[in-house]
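Let's take a walk through a protein model together. Keep the picture open beside you and look up each part as we reach it.

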Amino acid sequence: MSRVYNFSAGPAVLPEAVLQEVADEMLDYKGTGMSVMEMSHRSAAFQEIIDETEKDLRELMNIPDNYKVLFLQGGASTQFAMIPMNLMKNRVADFIVTGQWAKKAYQEAQKYGKANKIASSEDKTFSYIPDCSDLPISPDADYVYICENNTIYGTKFHTLPNTKGKLLVADVSSCFLSEPVDVSKYGIIYGGVQKNIGPAGMAIVIIREDLITEDVLPGTPTMLTYKTHADAGSLYNTPNAYCIYVCGKVFKWLKSMGGLEEMKKRNEEKAKILYDFLDQSKLFRGTVVPEDRSIMNVPFVIGDKEMEAKFVKEAAAEGLVNLKGHRSVGGMRASIYNAMPKAGVEKLVAFMKKFEEENA
Ligand SMILES: *Cc1c(COP(=O)(O)O)cnc(C)c1O
């Protein structure tokens, strides 16, 4: 067996200890004689898994009691529609467009009401976060929407926008559990889990209880109504049970690592190794303004397409894989999520140094 350092933006690297544990339990989960994949979602064994998973997440994120945790299918993208269907009482919402994912959410919301783009960083290829201290928030906006960490462009809101009292909704897919957050600042904080938590196909939605109502837009499907899932403890229909199980393992791993304060420390340390190298390199250059840099997704370029292709190819041969940047930005991107060990980042930087010397 030979494992690589996987810098994919998602689906992404998972903690090796977790993969080993789920492998050990594959044929016989704790004496049940079956895999979690084969298990009824109505069984006592699975109820224990989902309960424990929620409990550990609540502990890790310090989620207040007046928030529900929902495990929903359809990934993050389904939320682009589910949020307006459930929250657009006035049919108005404000969007801060800082990348492709925010843009997709903004465009989807237009199907359900008036979606206003109140700020954007598209003028400079989404390489920064706009000043959000005094935005033209719509007086009748049902919520203000952000994508907190922009997976493709490598920017992060280090300060939340001033929503002037309006509800904040945030997509945290690519920074979920990377550092502590104050959940009480959000109406909804959600993300697809395949970036920093678990396997693909599920979103975790943390939603303030008073936002869970039957008063949704006419025609909203039962499956896209938060209340359906909140009332049923995320077991209205068959959930992505195996994904919930693996997420639960990751939560236990995060707790054993020391929780989110410790992850923040480790993630900052890893990111600094890479950014410090980029800042002094004569060949490579980061694409994001320093003050808005993400500690999860680090895009960088050489500025010569052929040389970049050579870099990605030679890196892969060294076991440093999935470094090709998103097609809209080009260049390279290293996603260095919670499960990426520091040794992986160090090996990447050592390889970049060597490549720079060889191609000077
Ligand atoms: C990957 C990603 C999405 C889309 O996730 P899916 O689960 O594939 O729908 C949405 N938002 C952000 C920030 C992402 O990184």
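Arg327 is found in the loop between strand 13 (320-321) and strand 14 (332-335). Helices (H or I, at least four residues) and strands (E, at least two) are DSSP runs here, numbered from the N terminus. Arg327 counts as exposed because its relative accessible area is 76%; the labels are buried for under 20%, exposed for over 50% and partly exposed in between, using a 1.4 Å probe and protein chains only.

A quick word on the ground rules. This is a predicted model, in which local features need pLDDT of at least 70 and side-chain atom pairs count only at pLDDT 80 or more, while totals for chains, interfaces and linings use all residues. Residues are numbered from 1 along each chain as its sequence is written, and side-chain values use heavy atoms, with hydrogens and water left out.

Now hop over to Ser138. Arg327 and Ser138 are 189 residues apart in sequence and 34 Å apart in space, C-alpha to C-alpha. Ser138 is also in a loop, the one between strand 4 (114-120) and strand 5 (144-147). Is Ser138 buried or exposed? Ser138 counts as buried, because its relative accessibility is 11%. What does Ser138 touch, leaving aside its neighbours within four places in sequence? It is in contact with Val92, Asp94, Asn116 and Lys166, where contact means heavy atoms within 4.5 Å. With Asn116 there is also a side-chain polar contact of 3.0 Å. A polar contact is a pair of N or O atoms within 3.5 Å; within protein, one must be able to donate a hydrogen and the other to accept it, and residues adjacent in sequence count only if both atoms are side-chain atoms.

Two of those contacts, Val92 and Asp94, take us into strand 3. Both faces of strand 3 are covered: Val92, Asp94 and Ile96 on one side, and Ala93, Phe95 and Val97 on the other, are all buried. Strand 3 (residues 92-97) runs parallel to strand 5, joined by two bridges, and Asp94 has Val144 as its bridge partner there. Strand 3 also pairs with strand 4 in the parallel sense, over six bridges, with Val92 opposite Lys114. Two strands count as paired if DSSP finds at least two bridges between them.

Zoom out and you'll see the sheet these strands belong to. It is an open sheet of seven strands in the order 2-10-9-8-5-3-4, with mixed pairing. The edge strands are strand 2 (67-73) and strand 4, each pairing on one side only. Neighbouring strands of this sheet are turned by 20 degrees against each other on average, direction ignored. At the strand 2 edge, seven bridges join strand 2 to strand 10, and these two run antiparallel. Gln73 stands opposite Met202 in strand 10. Strand 2 is mostly covered, with five of its seven residues buried.

Next, look for the helices lying across these strands. Helix 3 (residues 77-87) lies across strand 2, strand 5, strand 8 (168-171), strand 9 (188-192) and strand 10 (202-208), and runs at about 160 degrees to strand 9. Axes are lines fitted to C-alpha atoms, for helices over the stretch in contact, and angles run from 0 to 180 degrees between N-to-C directions. Nine of the eleven residues of helix 3 are buried, including Phe80, Met82 and Leu87. Helix 4 (residues 100-109) lies across strand 3, strand 4, strand 5 and strand 8, at about 160 degrees to strand 3.

Last stop: the rings. Rings of Phe, Tyr and Trp (its six-membered ring) pair if their centres lie within 6.5 Å; planes under 30 degrees apart count as stacked, over 60 as edge-to-face and the rest as tilted. By this rule the count comes to 15 aromatic pairs. Phe126 and Tyr153 make a tilted one, 4.9 Å centre to centre with 55 degrees between the planes. Phe126 and Tyr153 are both buried. Why is the pair of Phe284 and Phe300 edge-to-face? Their ring centres are 5.9 Å apart and their planes stand at 75 degrees, so the pair gets that label. Both Phe284 and Phe300 are buried, and they belong to a cluster linked by ring pairs, together with Phe277, Phe311, Phe351 and Phe355.
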